[in-house]
Amino acid sequence: MKTFVLPSAHHFARRPWFSWLILGTLVALCLILALLQYRWIGEISNAEEAKLKASLRASLDRLRQDFQQELAAAVSVLRPNFDDSTDNAPHLYAEKFSKWRSANPGSKLIRRIALATPAGHQVNLQILNPETLDFESSEWPADWKAARMRILAHSKGERWRPGPPGDPTLVELAQMGPGSPEAHSHPTLLIDFDPHYLFETLLPRLLHRHLSYEGHIDYQLELRSRNDPRKILFEYNPGKAGPIASRADVSVPLFENFFDMNFRRMPPPRSREFPGMPPQGFEATPGSPAGGGGRWTLAARHLSGSLAGYVSEVRKRNLAVSGVLILLLICTVAAVLHLTQQANRYSDLQMQFVANVSHELRTPLTVIRTAAYNLRGKMSTKPVHVEKYGALIESESEKLTAIVERVLQFSSAEAGNLTQKLEPISAEQLIVEALQSRQSVIDRVQCEVERDWKPGLPPVLADKLAMRQALQNLIENALIYGMEGGDWLGISTRNAVLAGQPAVEIRICDRGPGIPADEQRCIFDPFYRGRRAIAAQIHGTGLGLNLVQKIVAAHGATIQLRSFPGQGTEFILKIPAAPEERI
């Protein structure tokens, strides 16, 4: 019986091709999702455009009805009736006007009313004086010329061919239809609505009632005469999206006929035979179709240029948001894979660190144990040999102590306990103590130390032990890796500025082989050791420079690396100066 063992996640994580396969599959799925979203958002946008147009049309229809009802309320009071007496017409219409004015105190809807009475080949005009309520004879206004010609033809039973448009706010209500025997004697009531009130009071109020959202109207509106489309009677939000012309989103008629109001209560028999013809004895509003429509056309267009353009902009924003989310998802997975690879690399470095530390510990322990065995076995009885073995034990013990201290420092750094107490201290003193602690190494490699210290530098604010340890690590790093090109070590100090505040700059440089460019970005990583150090089997834990970086960061200082192959390496350390009140 065979046993199958499934590979672990760690096993797959160590295969780069598997990570890239996962990322490629996810990208492909995200692209498919993006295409589906593009299609779905397009369908939703088309439905939204149709919905917005329907909503706009419904709002304009309600506005049209309210506008018509506002005018119809006045017409219903003043309209002529079947049984109105021709002889008493002025007194009758004056009473009707008085009744309307009493019911609507302060209303400026009606500018004036008049009676036009045919008299042979002319039509006499009487305009109501609102103060005395008397109809006074008057000349025909220039803009009422078309109405006079229409009424004259109406009294003779002739068909009137409309000429140039007259007053767009004038309503004519005739009691008898053309061809009626009494048509020549019955006056025609003329109601002239006030355009100033219509365009500056009534229409803006209705617009805000039906089209306003949170106090704003997102549409440009134009009101034009149907007889003269070039003439704009009213505008709202003019010029914000250019002239509307024929590019309106929705248009509705306005100022419709009042024909049905005159006869809805007593339709004559002929209206059953000819539903489309006006009944005998009455006439629809002259100058406009009897079957519907309006004198004006109210056109609306969204401020973005059109509802289609507005929906297109919303669609683009939705697509942009979806694209960003999909891209964020891809980046998140890519980041997870990258972090996984980094974690694996970090794990490998940790394993390598354990191996290095084990090797570092085993070597001095072996030497110490061998020297102790020789001393105990009396293999060296001469004092010179005893002193030699004692010095060897002491040297290897110092190595063990250094390894243990470095590991403990790394542990403290991970826990954030690198610094204890910051106090003013001289940078030169820190450097001298760091050099003294590494004097044995300096003597062993016979290195020349060149000092270039600028006098009068301010003290730095630092934890003495931690900062000295950082300088020791930098000096030791130069002594171990920078002596191949020449046994020289340079240390210099000078004034500097850090984040706009005084600081002290310390430079530690060597003339060694330098650090390869591809390794410089990893040089401060924990457990990292360069290829040259591994190839030369130079002992180390890979923690020194990482500890330096953490110590520097804990002091609010900075460290910079400059290195070129064959030209040496330079570490530039900037430490904040101690404030004057701390000195």
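**Reading cores, salt bridges and surface in a predicted model**

Modeller: In this predicted model, the largest nonpolar core has 49 residues, and those touching the most other members are F67, I110, I191, F193, L198 and L221. Helix α2 gives the largest share of this core, 9 residues.

Biologist: Which other core is there, and how many residues does that second, separate core have?

Modeller: The general idea is that in soluble globular proteins nonpolar side chains tend to be buried together. Here, a second and separate core holds 39 residues, among them C447, M483, I523 and A557.

Biologist: If I centre the view on F193, which residues is F193 in contact with, leaving aside its neighbours within four places in sequence?

Modeller: With those sequence neighbours set aside, F193 is in contact with L71, A74, V75, L109, I110, R111, T169, V171, L198 and F255. For the chain as a whole, among contacts between residues at least 6 apart in sequence, 70% join residues at least 24 apart.

Biologist: How many helices and strands does the chain have, and what percentage of its residues is buried?

Modeller: The secondary structure comes to 15 helices and 16 strands, and of the 583 residues in the chain 42% are buried. The chain exposes about 32,800 Å², of which carbon and sulfur atoms supply 56%.

Biologist: Where on the surface should I look for a nonpolar patch, and which residues form it?

Modeller: Such a patch is made up of L29, I32, L33, L36, W40 and I44, which together have about 580 Å² of accessible area. I44 is found in helix α2, residues 16–78, and I44 counts as exposed because its relative accessibility is 57%, where exposed begins over 50%.

Biologist: Turning to charge, how many salt bridges are there, and which residue forms one with R224?

Modeller: Side chains of opposite charge can pair when their charged atoms come close. The count here comes to 16 salt bridges, and in one of them R224 pairs with E222, the closest N and O atoms being 3.0 Å apart. Both R224 and E222 are buried; E222, in strand β6 (residues 219–225), has a relative accessible area of 3%.

Biologist: Which helices hold E433 and R468, and how many residues apart in sequence are the parts that this pair ties together?

Modeller: The salt bridge between E433 and R468 has its closest N and O atoms 3.0 Å apart. E433 lies in helix α10 (residues 427–437) and R468 in helix α12 (residues 464–481), so the pair ties together parts that are 35 residues apart in sequence. E433 counts as buried at 17% relative accessibility, whereas R468, at 22%, counts as partly exposed.

Biologist: Which residues are linked in a network of salt bridges?

Modeller: The network links R494, E505, R507 and E570. Within it, E505 and R507 form a salt bridge whose closest N and O atoms are 2.6 Å apart, and both of these residues are buried.

Biologist: Is R205 buried, partly exposed or exposed, and which residues is it in contact with beyond its sequence neighbours?

Modeller: R205 is in helix α5, residues 195–211, and is partly exposed, with a relative accessible area of 34%. Leaving aside neighbours within four places in sequence, R205 is in contact with E70 and Y197. The C-alpha atoms of R205 and L63 are separated by 9.8 Å, although these residues are 142 residues apart along the chain.

How values were computed
Residues are numbered from 1 along each chain as its sequence is written. This is a predicted model: local features need pLDDT of at least 70, side-chain atom pairs count only at pLDDT 80 or more; totals for chains, interfaces and linings use all residues. Side-chain values use heavy atoms; hydrogens and water are left out. Patches are made of residues with over 30% relative accessible area and no salt bridge: like charges are joined within 9 Å, nonpolar side chains (Val, Leu, Ile, Met, Phe, Trp, Tyr) within 5 Å. Accessible areas come from the Shrake-Rupley method with a 1.4 Å probe; for residues, only the protein chains shown count as cover. A salt bridge is a side-chain nitrogen of Lys or Arg within 4 Å of a carboxyl oxygen of Asp or Glu. Helices (H or I, at least four residues) and strands (E, at least two) are DSSP runs, numbered from the N terminus. Buried means under 20% relative accessible area, exposed over 50%, partly exposed in between (1.4 Å probe, protein chains only). A nonpolar core is a set of buried Ala, Val, Leu, Ile, Met, Phe, Trp, Tyr and Cys residues joined through side-chain atoms within 4.5 Å. Contact means heavy atoms within 4.5 Å.
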